[in-house]
Amino acid sequence: MELPTIAAPGVGERADAVADAACHLYDTIALWGIGAPRGAFPDVAGGGWSRSAAEDAAEAIETTAHALASIDPGAEVLLAPVHAALADLRRRLGLAPADALTGDGAPPTPRTVGNPRRTRWVRVLTAPSPRQPPSRTTS
């Protein structure tokens with residue numbers, strides 16, 4: 001199958017924004033990963049991840065995989081291991097399972113801005129600023 005050079009209105013822009021956001025997330029996590037000085041951020045565990053951040057990232061991958069499944073009739077089968085791997089990751093991290101799909105393969109409610117499990121807010125994509133260690137004042 002050969003894809004057209006021009007996407008439907010909004011598809012290219014949103015796919016580009018997802019790719020940019022994923023790159024910014026990776027760059028931010030790299031600061032908190034293996035290279036972060038040991039003990040520099042004692043209040044932050046798990047490489048900088050929180051429960052809600054991990055849920056949001058998993059949901060973004062799941063939703064993107066659902067969107068990609070619409071490219072071709074066989075794409076859903078090819079992407080099944082992605083969903084299985086994310087389900088295993090969710091279990092390993094003690095996160096809630098992914099939203100169930102409806103009979104037509106789509107999530108039961110359309111995705112909107114933010115995480116449906118929390119209060120919605122508009123997220124603005126900006127370049128990440130380097131995190132600074134919390135200031136420790138001594139008495």
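## A tour that starts at A54

Select A54 first: with a relative accessible area of 13%, this residue is buried, because anything under 20% counts as buried. Keep in mind as you look around that the model is predicted.

**Stop 1: the surroundings of A54.** A54 sits in helix α2. Which residues does A54 touch, leaving aside neighbours within four places in sequence? Show W49, L93 and L95, and you have them. Now pick the C-alpha atoms of A54 and L95: they are 8.3 Å apart in space, although 41 residues separate the two along the chain.

**Stop 2: the whole protein.** Zoom out and switch to a cartoon view. You should find 3 helices and 0 strands, and starting from the N terminus the order of elements is α-α-α. Of the 139 residues, 14% are buried. Among contacts with a separation of 6 or more, 58% link residues 24 or more positions apart. If you turn on the surface, about 10600 Å² is exposed, with carbon and sulfur atoms supplying 62% of that area.

**Stop 3: two helices side by side.** Colour residues 51-68 (helix α2) and residues 75-93 (helix α3). How do their axes cross? They come within 9 Å of each other, at roughly 170°. An angle over 145 degrees counts as roughly antiparallel, so that is how α2 and α3 run relative to each other. To see the contact itself, display side chains on both helices: α2 contributes residues including I61, A65 and L68, while α3 brings L79, V82 and L86, among others. Sorted by type, the residues of this contact are 10 nonpolar, 2 polar and 5 charged.

**Stop 4: R90.** Next, select R90, which you will find in helix α3. Is R90 buried or exposed? Its relative accessibility is 3%, so R90 counts as buried. Show its contacts beyond four places in sequence: E55, A58, E59 and E62, together with L95, A96, P97 and A98. L95 may look familiar, since A54 from your first stop touches L95 too.

**Stop 5: colour by confidence.** Finally, colour the model by pLDDT. The average is 76, and 61% of the residues score at least 70. Then select residues 109-126, where the pLDDT is below 50. In the model this stretch has 26 contacts beyond near neighbours in sequence. Where pLDDT is low, the predicted coordinates should not be read in detail.

Note on methods: Residues are numbered from 1 along each chain as its sequence is written. This is a predicted model: local features need pLDDT of at least 70, side-chain atom pairs count only at pLDDT 80 or more; totals for chains, interfaces and linings use all residues. Side-chain values use heavy atoms; hydrogens and water are left out. Axes are lines fitted to C-alpha atoms, for helices over the stretch in contact, and angles run from 0 to 180 degrees between N-to-C directions. Helices (H or I, at least four residues) and strands (E, at least two) are DSSP runs, numbered from the N terminus. Angles under 35 degrees count as roughly parallel, over 145 as roughly antiparallel, 65 to 115 as roughly perpendicular and the rest as oblique. Contact means heavy atoms within 4.5 Å. Ala, Val, Leu, Ile, Met, Phe, Trp, Tyr, Cys and Pro count as nonpolar, Asp, Glu, Lys and Arg as charged, and the others, Gly among them, as polar. Buried means under 20% relative accessible area, exposed over 50%, partly exposed in between (1.4 Å probe, protein chains only). Accessible areas come from the Shrake-Rupley method with a 1.4 Å probe; for residues, only the protein chains shown count as cover. pLDDT is the predictor's confidence in each residue, from 0 to 100.
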